[in-house]
Amino acid sequence: MSAPAETPEPDSAKAASPPWRSVLRVAAIDRATVREAGRQALPWLAWLRRRTRSSELWVIAVATVVGLVAGALAVSLGALAHGTQVAIFNFDPNERLSGQTMVEPWRLLAIPLGGLLLGLFTAAILRFRPNHAVDPVEANALHGGRLSIRDSLFICMQTLISNGSGASVGLEAAYAQAGGATASWVGQRLNLRRGDLRILVGAGAGAAIAAAFGAPLTGAFYAFEIVIGAYTVANIAPVVAAALAGVLVATALGSTPYLIKTSVVAIASPTDYALYGLLGLLAAFFGITLMRAVAVADRWAAKAPLPRWSKPAIGGVALAALALATPQTLSGGHGALHLDLNSDLPLKVLLVLILMKAVASIVSLSAGFRGGLFFAALFLGALMGQAFAEVVNLTAGDGRLDPIAASLVGMGALGVAIVGGPFTMSFLVLEATGDFTVTGATLAASLIASAVVRETFGYSFSTWRLHLRGETIRSAHDVSWMRNLTAGKMMRRDVKTIGSSTTLAEFRRRFPLGSTKRAVLTDETGRYAGIVATAAVYAEPPERDATVAMLATHARVSLTPELSIKAIMTAFDETGADELAVVDEGGEVIGLITEAHVTRRYAEELEKARRELTGETA
């Protein structure tokens with residue numbers, strides 16, 4: 001029996017269907033075919049997925065590989081940026097841009113030109129990808145560790161252009177972004193659990209930082225304190241393995257550790273701890289002021305009636321003017337930090353340098369240059385510590401505080417105030433100097449700075465910028481599960497509804513005892529009008545001639561589908577209700593949610609988060 005002939009498509013249908021739909025349909029089919037073929041051709045990938053999901057040792061092995069790649073990427077990014085600076089500003093490749101005593105004025109034109117290139121590049125990319133790019137902190141807090149490779153490449157390119165042209169921003173944000181994105185890509189391909197993916201992203205970002213400074217403990221605690229948001233038995237092994245792998249590959253590629261040679265006595269008496277505590281307090285308030293100043297400058301720049309693409313170039317002109325006075329305002333400040341630690345600078349010079357570097361950083365970030373305040377905070381903290389020692393020695397007598405020791409303590413304290421992570425910065429000082437007495441003083445000052453910033457401000461620089469964008473996170477601790485538990489996902493849809501003008505007798509006829517605990521009332525237009533309990537209706541005298549509207553409760557309180565579980569629980573606490581209706585934009589009832597169900601789901605998710613935190617798999 002022959003197959004029936006295919007019915008030809010009407011001409012009108014062909015005309016109504018644009019040709020690009022066929023192209024997209026064919027492309028989708030081709031992609032699906034390629035994915036299916038890839039799954040069949042790569043049985044080893046399925047095998048590896050099973051191993052990593054069932055064994056912690058395999059997660060450690062994957063983290064080690066990620067650390068190797070992250071370390072190589074960090075070294076490559078640093079070499080590219082430094083090579084660009086050497087080519088543009090013509091200085092010895094063994095030196096740093098900010099450590100130069102003078103830069104030829106005409107070469108400083110590279111800063112506004114680099115800003116123009118950055119502005120045009122950013123404008124071109126945003127036309128096709130208008131959504132903001134996610135960094136590792138935001139990814140771990142809100143997206144379960146999921147990072148986009150394309151967006152991360154975009155961020156790295158922006159940072160390379162900014163730092164390479166001499167803007168006062170560091171490369172640490174690009175290092176962490178590259179390492180975190182690599183880890184996220186690997187973890188998603190291996191279909192890791194949410195908790196394992198977050199740990200792997202932290203391991204990748206920490207490995208990149210470890211490679212950049214040649215400091216494995218610094219990188220590991222950067223992952224714990226800043227990217228993952230917790231230090232647990234479950235995450236220590238993969239994170240440390242990745243950090244060590246990052247440092248090893250960086251050393252193999254010729255990168256040198258960030259070392260500061262010193263042989264000073266940081267603590268001569270218990271009083272010195274009090275003085276360094278005061279330095280930590282000053283660092284906290286200076287860090288808060290600097291972060292708020294960046295926010296104010298951002299608002300001013302946003303209000304300026306100028307094309308967005310032109311703002312980095314205009315900011316570059318201001319940076320070039322500052323660099324005419326001193327090249328120490330350029331780039332992150334690595335060279336300037338070493339230069340100033342070995343120089344006996346007068347107090348006035350130190351204060352001027354602090355002001356100029358702070359202004360350069362504020363201008364760079366508000367003008368649109370990409371980067372962070374990681375190393376700028378270290379440099380400013382070192383200057384601040386040296387100035388603090390000068391003031392103390394002027395008032396209490398020479399030799400009370402060693403300026404180099406105070407510089408190192410200030411470096412760590414201000415780094416904590418702006419970046420966060422007291423152990424991260426303390427271990428950075430330890431691995432850079434090898435001096436435990438300086439590290440002890442740094443830890444004391446850092447803990448004070450951290451406590452003051454948390455109490456009075458509540459944000460690090462990365463979370464502060466997220467806060468300005470409307471987010472509410474204060475660390476990388478995973479809070480996205482609360483956003484996923486929305487009223488729309490938890491509500492019951494089988495809601496019993498009845499008109500508010502219905503009589504009590506009619507209600508009893510439609511809803512006998514035992515059929516439902518409550519009914520949702522609607523007005524004549526179908527909008528929500530309250531909730532009535534079945535027991536309350538039956539408690540009224542049967543002969544009473546009244547409508548159910550008189551028994552309605554919470555007529556003015558309802559939920560919307562997008563509300564998170566935190567907002568829902570707040571609503572229950574404030575109203576004292578046992579159940580609340582969920583309504584759409586038009587006020588029509590689409591569901592009902594009870595306090596008992598919300599409390600149970602919240603407890604279940606808390607228990608799940610606790611198991612992830614402690615490394616329990618069941």
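In this predicted model, Leu521 sits opposite Gly530 of strand S3. That pair is a handy way into the sheet. Strands of a sheet pair through backbone hydrogen bonds, and the pairing can be parallel or antiparallel. Here, strand S2 (residues 518-522) and S3 run antiparallel, with 5 bridges joining them.

Zooming out a little, the sheet is an open one built from 3 strands, lined up as S1-S2-S3, and its pairing is mixed. Strand S1 (497-499) and strand S3 (528-533) take the edge positions; each has a single partner strand, so one side of each is left without a neighbour in the sheet. The strands don't lie perfectly in line, either: neighbours in this sheet are turned by 35 degrees against each other on average, direction ignored.

Now for the helices. Two packed helices are described by the angle between their axes and by the distance between those axes. For helix H3 (residues 43-54) and helix H4 (residues 56-89), the packing angle is about 115 degrees and the axes are 5 Å apart. Since angles of 65 to 115 degrees count as roughly perpendicular, that makes H3 roughly perpendicular to H4. The crossing of the two helices is left-handed.

Which residues make the contact between them? On the H3 side they are Trp47, Leu48, Arg51, Thr52 and Ser54, and these meet Glu56, Trp58, Val59 and Val62 of H4. Sorted by class, the contact of H3 with H4 comes out as 5 nonpolar, 2 polar and 2 charged residues.

How values were computed. Residues numbered from 1 in each chain as written. Predicted model: local features only at pLDDT ≥ 70, side-chain atom pairs only at ≥ 80, totals over all residues. Heavy atoms only, no water. Axes fitted to C-alpha atoms, helices over the stretch in contact; angles between N-to-C directions. Helix = DSSP H or I, 4+ residues; strand = E, 2+ residues; numbered from the N terminus. Parallel < 35°, antiparallel > 145°, perpendicular 65-115°, else oblique. Left-handed = near helix turned anticlockwise from the far one by under 90°. Contact = heavy atoms within 4.5 Å. Nonpolar A, V, L, I, M, F, W, Y, C, P; charged D, E, K, R; others polar. Pairing = 2+ DSSP bridges.
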